[in-house]
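Visitor: I'm new to this structure and would like a close look at a single part of it. Could you pick one helix and walk me through it, then show me what lies around it?

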Amino acid sequence: MRYPFYIAGSMFPSIALPGLQKAANRYVICPFYHAVSDKPLPHISPLYRHRTEQEFRADMEWLTEHFEPIRWSDIDRYEKAKKPAFCLTFDDGLKEFYTIVAPVLEEKKIPCVCFLNSAFMDNRDLMFRYKEALAKQQIDWQHFLENEQPYMTYAQVRELQERGFEFGSHSMNHPHFYKLSLNEQLNEAIGCEKELEKHIHLPHRLFSFPFGQEYLDPVAIKVHSGTHELVFGTANMRPGGGNLVNRIAMDGTGFSARAVITGEYLREIAHQRLHD
Ligand SMILES: [Zn+2]
């Protein structure tokens with residue numbers, strides 16, 4: 001149900017944004033991405049459409065024009081002050097965050113948190129969905145992992161930390177949490193942090209749910225929230241409650257940031273009118 005809103009969003013002039021923000025009573029948005037690349041990525045392209053560098057730059061230009069780039073710790077303050085702002089995050093710790101994304105964000109002075117899966121750091125393993133995508137193309141995943149090195153290394157992450165980027169955990173193996181017991185979920189979430197902390201310093205406990213939190217038991221969401229400073233979900237512009245912040249998926253469609261964000265404002269307003 002995203003597309004009709006994004007088509008409508010692409011037709012709305014940006015000048016209408018303040019009116020939409022007022023109508024939705026939402027001022028801080030949290031867009032998130034996974035990968036940015038100019039060439040097709042064999043492990044990702046069969047699963048979803050990622051941005052090219054030029055598309056990503058255009059997104060950042062539109063966002064910074066209409067929203068102030070802020071750090072996660074400022075979300076509440078800006079929302080309460082009704083000041084339009086965006087808090088950017090990336091998931092999955094892919095190497096393009098180091099090679100393509102970080103330099104663009106530095107140039108545009110946009111802070112960002114990147115969420116890592118401990119099992120894949122230093123290219124020791126590959127997410128199961130990437131393995132499936134490669135298998136369909138008859139590509140040997142171990143060979144691919146060794147040759148392409150699709151993830152960041154700890155050395156790169158440490159360098160990015162020195163350059164001001166922040167990192168959080170995204171579970172050890174990126175499983176579907178709804179298929180796991182609460183204990184198994186906690187083992188994945190906390191185990192990831194423990195493993196990451198052997199290699200990098202994590203001054204804050206930030207977590208993003210692998211595959212989002214929408215199919216999780218509210219009790220499980222509460223427990224994860226309780227063990228972290230801030231947790232990030234994927235229910236777009238819906239209020240998270242407590243220390244859960246929802247994010248808007250920017251990958252997956254060819255729609256621009258303007259179309260997606262404006263469309264999500266329209267969707268949120270429609271949702272509030274129908275349900276709240
Ligand atoms: Zn992920």
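Guide: Start at Val101 in α5, where the helix has a kink of about 45°, shortly before the proline Pro103. The bend at a residue is the angle between axes fitted to the seven residues ending there and the seven starting there. Helices here are DSSP runs of H or I with at least four residues, strands are runs of E with at least two, and both are numbered from the N terminus.

Before going on, keep in mind that this is a predicted model, where local features need pLDDT of at least 70, side-chain atom pairs count only at pLDDT 80 or more, and totals for chains, interfaces and linings use all residues. Residues are numbered from 1 along each chain as its sequence is written, and side-chain values use heavy atoms, with hydrogens and water left out.

Back to the helix. α5 covers residues 95-108, 14 residues in all, and reaches 20 Å from its first C-alpha to its last. That is close to the 20 Å expected at 1.5 Å a residue, where the expected span is 1.5 Å times one less than the number of residues.

Now for what α5 tucks away. Its buried residues (under 20% relative accessible area; exposed is over 50%, partly exposed in between, with a 1.4 Å probe and protein chains only) are Glu96, Phe97, Ile100, Val101, Ala102, Val104 and Leu105. So Val101, the site of the kink, is also one of the buried residues under that cut-off. Together, the buried residues of α5 pack against α3 (53-66), β5 (88-91), β6 (112-116), α8 (154-162) and β7 (166-169); contact means heavy atoms within 4.5 Å.

Look just past the end of α5 and you'll find Lys109 with a positive phi of about 55°. Most residues other than glycine have a negative phi. Gln138 has a positive phi too, of about 60°, although it is not a glycine. It sits in the loop between α6 and α7 (141-148), and Gln138 counts as exposed because its relative accessibility is 74%. His174 also has a positive phi, near 55°, and is found in the loop between β7 and α9 (182-197). With a relative accessibility of 3%, His174 counts as buried.

β6 is one of the partners of α5, and Cys112 is at its start, given the range 112-116. A disulfide is a pair of cysteine sulfur atoms within 2.5 Å, and by this rule the count comes to zero. Cys112 is in no disulfide, as the nearest cysteine sulfur, that of Cys114, is 6.5 Å away. Cys112 is buried, with a relative accessible area of 4%. The sulfur of Cys192 is 11 Å from the closest cysteine sulfur, in Cys114, so that gap is too far for a bond. Cys192 is buried as well, at 0%.

Another partner of α5 is α3, and α2 (residues 17-24) reaches α3 as well: the buried residues of α2 pack against α3 and α11 (257-275). Those buried residues are Leu17, Leu20, Gln21 and Ala24. Down the axis of α2 they fall within an arc of 100°, so they line one face of the helix; the arc is that of the directions from the helix axis to the C-beta atoms. The face turned away from that buried side carries the exposed residues Pro18 and Lys22. Just after α2, Asn25 takes a positive phi of about 55°.
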